[in-house]
Every structure is written in C-alpha cells, then in structure tokens.
Amino acid sequence: MVPTDDAPDLGELFHAAFRGLRRTWSEQLAPWELTPHQWRALLTLMRRHPDVPTHPVGPAEAADAGGEAAAGAGNTAGVGGDGAGGDGGGCSAGRSDVRLKDLAGRLRIAPRSATEVVDQLEVKGLVRRDPDPTDRRATLIVATAAGQKLFADIQAERRDKSTEYFSRLNLHDHAELARILGQLHD
C-alpha cells in the first residue's frame, strides 16, 4: 500500500505518541531524583542479566547482597531511556555487572559521560564499582540492593503509567497496536 500525499506521516505520528509517553516517564523519575540518563544506565545494568531479581529487595536479601540496605532507596533516582541486553565480557552469572566501557557503548555515549553518570548513581548508593576478576585494569559496575529495589519500584510504576497512557485505546486497537509494534521491533 503506497501512502498518498494526504495520508498522515506515520513517523511523525509515532514520534508524537512516544513524546507523550516519554514526558510521563520523565515526570515519574522526579520523585526519585533521577535523570533520564541515570535511569537508562540503571535499566541497562539490570537488563544485563535476566536472572537478576527485579522484585523489591527485603532485609534478608539486602544482607545477602553484601549488607547494603534497601531502605531509603525510594528517594534516590537514576537514568532514563532505553536499555539493552548484551553479551559484554567481564560479567559473572547471576550478577548485574558490566564493564564501564561496555555500559558506555550500550548507552551510546562517550566513556567520560558514562563515568559521570556512574559517579552520580554511586553517590546515591544505587551502584558500586568492583574490580573485574578477569582483568585487573577493568572495573565492573554493579547494581546494589538499593539499586535493584529502586529499579523494581520504578519499573512497576512505569508499567502502570504505560497502561494508563494506552487506556485511551479500545481492546481491539490495543491488540492491533501491540501486533504492529511487535512486527517493527528489531
């Protein structure tokens, strides 16, 4: 089907819809004092290993994670944007760790910028730097228990906001949009 001159530009419509959704996500990060860049970095770390729990971390789990307290994470915040899984080296199974240079690559930002974002997340207690056991020159960025809890809290609220945003569509349109977007997903 060839678009006619009077047909709406799908790219513009899609971009406008995404801007509306993204605006709600930016507003959502404010109570946690997270920037979209900080959220993107935390999201990227947490998506590094799908087996890392993304549910709220309780006191027992926090103790198992090196004694980092999960309490108080609700008022700190991180990064925004899209995340990526990945196959970067230097990660051990079951941990949400990634080398700084790989994080920069996944975020598509300069390593110096990634360092600044990680510094901000580290000050908030959401990540820590660990030496890479396979390369003593490298540093791994690891989400703390507080970072994991914050991630789970924000993801739950983000799902709620998305549900609210798309509630304008009837069930048929919602299913059709999901089908179409699934075809466009790469």
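# Close-up views of a predicted model

**Figure 1. Strand 2 and strand 3 run antiparallel and are joined by 6 bridges.** The structure shown here and in the other views is a predicted model. Within this pair of strands, Asp130 stands opposite Leu140, the latter lying in strand 3. The wider arrangement is an open sheet of 3 strands, in which the order is 1-3-2 and the pairing is antiparallel. Strand 1 (97-99) and strand 2 (127-132) are the edge strands, each of them pairing on one side only. From one strand to the next, the twist averages 35°. As general background, the strands of a sheet pair through backbone hydrogen bonds, in either a parallel or an antiparallel manner.

**Figure 2. The largest nonpolar core of the model has 26 residues.** The residues with the most contacts inside this core are Leu34, Trp39, Leu42, Leu121, Val127, Leu150 and Ile154. Two or more core residues are given by each of helix 2 (36-46), helix 4 (100-107), helix 5 (111-123), strand 3 (135-143) and helix 6 (145-166). Helix 2 provides the largest share of the core, namely 6 residues. In soluble globular proteins, nonpolar side chains tend to be buried together.

**Figure 3. Helix 2 is largely enclosed by the rest of the structure, because 9 of its 11 residues are buried.** The buried residues of helix 2 are Gln38, Trp39, Arg40, Ala41, Leu42, Leu43, Thr44, Leu45 and Met46. Trp39 and Leu42, buried in this helix, are also among the residues with the most contacts inside the largest nonpolar core.

**Figure 4. Phe14, Phe18, Ile180, Leu181 and Leu184 form a nonpolar patch on the surface.** Together, the residues of this patch have about 450 Å² of accessible area. Helix 1 (10-29) and helix 7 (171-184) each supply at least two of the patch residues, and the largest share, 3 residues, comes from helix 7. Ile180, which has its place in helix 7, is partly exposed, its relative accessible area being 33%.

**Figure 5. Glu176 and Arg179 meet through their side chains in a salt bridge within helix 7.** The N to O distance in this salt bridge is 2.6 Å, and the two residues are 3 residues apart, about one turn of the helix. Glu176 is partly exposed, with a relative accessible area of 29%, and Arg179 likewise counts as partly exposed, at 42% relative accessibility. Elsewhere in the model, salt bridges that share partners join Asp119, Glu122 and Arg129 into one network. In that network, the side chains of Arg129 and Glu122 meet at 2.3 Å, N to O. Arg129 counts as partly exposed at 28% relative accessibility, and Glu122 is partly exposed as well, with a relative accessible area of 32%.

**Figure 6. Asp153 forms a salt bridge with Lys149.** The closest N and O atoms of this pair are 2.8 Å apart. Both residues lie in helix 6, where Asp153 and Lys149 are separated by 4 residues, about one turn of the helix. Asp153 is partly exposed, with a relative accessible area of 23%. For the model, the count of salt bridges comes to 8.

**Figure 7. Lys101 is found in helix 4.** This lysine counts as exposed, because its relative accessibility is 55% and the exposed class begins over 50%. Lys101 and Ile141 are 40 residues apart along the chain, and their C-alpha atoms are separated by 9.9 Å.

Notes:
Residues numbered from 1 in each chain as written. Predicted model: local features only at pLDDT ≥ 70, side-chain atom pairs only at ≥ 80, totals over all residues. Heavy atoms only, no water. Patch = residues over 30% accessible without salt bridge, like charges linked within 9 Å, V, L, I, M, F, W, Y side chains within 5 Å. Areas by Shrake-Rupley, 256 points an atom, 1.4 Å probe, with all protein chains shown as cover. Salt bridge = Lys/Arg side-chain N within 4 Å of Asp/Glu carboxyl O. Buried < 20%, exposed > 50% of the residue type's maximum accessible area, 1.4 Å probe, protein only. Core = buried A, V, L, I, M, F, W, Y, C linked by side-chain atoms within 4.5 Å. Pairing = 2+ DSSP bridges. Axes fitted to C-alpha atoms, helices over the stretch in contact; angles between N-to-C directions.
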